[in-house]
Amino acid sequence: MNDQQHDPGPRITGKTKIMGVIGYPVEHSLSPLMHNAALHHLGLDYVYLPFPIAPDNLERAIACFASIGVVGFNVTIPHKQAIIPLLHELSPIAQAIGAVNTVIRVGEKWVGTNTDVAGFIAPLQNTYNQNWHENKALVIGNGGAARAVVAGCIQLGMTEIHLVGRNIEKLKQFEQSWIDSTLADKFTNKLKIHSWEKLPQLIPQSNLLVNTTPIGMYPNIDESPVTENQLHQLPSHAIAYDLIYNPKPTRFLQLAQAQGAIALDGLEMLVQQGAAALKLWLQQENINVEIPIAKMQQVLTSS
């Protein structure tokens with residue numbers, strides 16, 4: 001290979017600026033792969049790093065990020081709600097949802113926003129021609145990711161959104177927070193919460209079944225939030241959507257696909273929400289470029 005063909009990849013220098021993702025665990029994250037590919041493609045002197053931050057260390061980590069000049073970072077499980085009190089401002093969408101997946105450094109302030117909603121609905125709108133207002137969604141889990149999914153289902157205009165979780169108190173808090181949110185008028189009588197035991201009864205009426213929990217995520221690849229017997233009741237041609245993208249496919253999606261469901265993993269959502277976050281960070285740096293979404297998709301599908 002000659003020198004013109006050789007691509008040395010990103011070069012880290014004393015001037016390289018830092019972006020990243022925080023989570024616990026975060027070893028499974030493909031975000032560094034796609035973001036660094038995009039940054040290198042754009043010829044920008046930035047690097048995107050994974051930061052495994054335990055919940056007890058979250059406040060100290062955010063303070064450290066400010067001291068070393070981190071430009072911005074993504075937020076994944078379990079910090080999407082816990083980080084909110086540590087931020088100076090929230091965007092309207094983050095405030096309405098009550099969860100943050102993207103943080104931007106604006107002057108001396110940390111500003112939280114949420115690009116998960118756009119990321120969640122993009123593959124549904126781009127791939128499937130559905131009359132969403134005639135469909136019902138069943139969302140498994142009640143964490144920060146579930147909040148973005150509920151907002152996405154509202155935006156799609158779905159007629160009913162059913163949500164199941166294991167902790168009744170957290171479910172009630174989830175419901176009340178939506179009643180108190182700026183999106184309350186858009187989901188009146190649409191959002192219904194249920195205990196985990198109701199899951200088998202809800203599956204037969206669901207056109208869209210979404211797993212927002214970490215059940216089945218690497219390394220626990222043999223686990224599924226829904227059993228094989230329960231998935232027997234899923235309507236044919238329903239969409240089973242797992243926000244997990246590692247492994248690909250998850251056990252949940254394997255089982256759903258075997259029942260005739262359309263399987264959709266979290267890879268496209270990851271790309272779309274990541275591209276939106278990267279655009280926000282670069283705009284704050286006064287860099288206005290077209291984000292190379294195709295390059296981000298390519299590096300993930302070929303990895």
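In this predicted model, the largest nonpolar core holds 33 residues, and Phe120, Leu124, Leu208 and Tyr241 touch the most other members. At least two residues of this core come from each of α4 (116-127), β7 (136-140), α5, β8 (160-165), α6 (168-179), β10 (208-211) and β11 (239-242). Helix α5 gives the most, with nine residues, and that helix is a good thread to follow through the rest of this briefing.

**The cores**

- Leu208 is a handy place to start looking around: beyond residues up to four places away in sequence, Leu208 touches Phe120, Leu124, Lys136, Ala137, Leu138, Cys153, Met158, Ile239 and Tyr241.
- There is also a second, separate core of 26 residues, and Val21, Val26, Leu270 and Val271 are among them.
- As background, nonpolar side chains in soluble globular proteins tend to be buried together.

**Helix α5**

- Helix α5 covers residues 144-156.
- Its 13 residues should span 18 Å at 1.5 Å a residue, and the end C-alpha atoms are 19 Å apart, so the expected and computed lengths agree.
- How much of α5 is covered? The helix is mostly covered, with 12 of its 13 residues buried.
- The buried set consists of Gly144, Ala145, Ala146, Arg147, Ala148, Val149, Val150, Ala151, Gly152, Cys153, Ile154 and Leu156.
- Just after the helix comes Gly157, which takes a positive phi of about 90°.

**Arg147, a residue to look at within α5**

- Is Arg147 buried or exposed? Its relative accessible area is 4%, under the 20% cut-off, so Arg147 counts as buried.
- Which residues does Arg147 contact, leaving aside its neighbours within four places in sequence? They are Gln81, Ile97, Gly98, Ala99, Phe174, Ser177 and Trp178.
- Phe174, Ser177 and Trp178 in that list fall within the residue range of α6 (168-179).

**The largest pocket**

- The largest pocket contains about 570 Å³ of space.
- Of the 26 residues that line this pocket, Gln81, Asn142, Gly143, Gly144 and Lys170 are the closest to its centre.
- Gln81 therefore appears twice in this briefing: as a contact of buried Arg147 and among the pocket residues closest to the centre.
- Gly144 likewise links two topics, being a buried residue of α5 and one of the lining residues closest to the pocket centre.
- Both α5 and α6 supply at least two residues each to the lining.
- By class, the lining is made up of nine nonpolar, 13 polar and four charged residues.

Technical notes. Residues numbered from 1 in each chain as written. Predicted model: local features only at pLDDT ≥ 70, side-chain atom pairs only at ≥ 80, totals over all residues. Heavy atoms only, no water. Helix = DSSP H or I, 4+ residues; strand = E, 2+ residues; numbered from the N terminus. Buried < 20%, exposed > 50% of the residue type's maximum accessible area, 1.4 Å probe, protein only. Contact = heavy atoms within 4.5 Å. Core = buried A, V, L, I, M, F, W, Y, C linked by side-chain atoms within 4.5 Å. 1 Å grid on protein atoms, 1.4 Å probe; cavity = no way out; pocket = protein on both sides within 12 Å on 5 of 7 lines; lining within 4 Å. Points joined across faces, edges and corners; volume = space filled by probe spheres on them. Nonpolar A, V, L, I, M, F, W, Y, C, P; charged D, E, K, R; others polar. Expected span 1.5 Å × (residues − 1).
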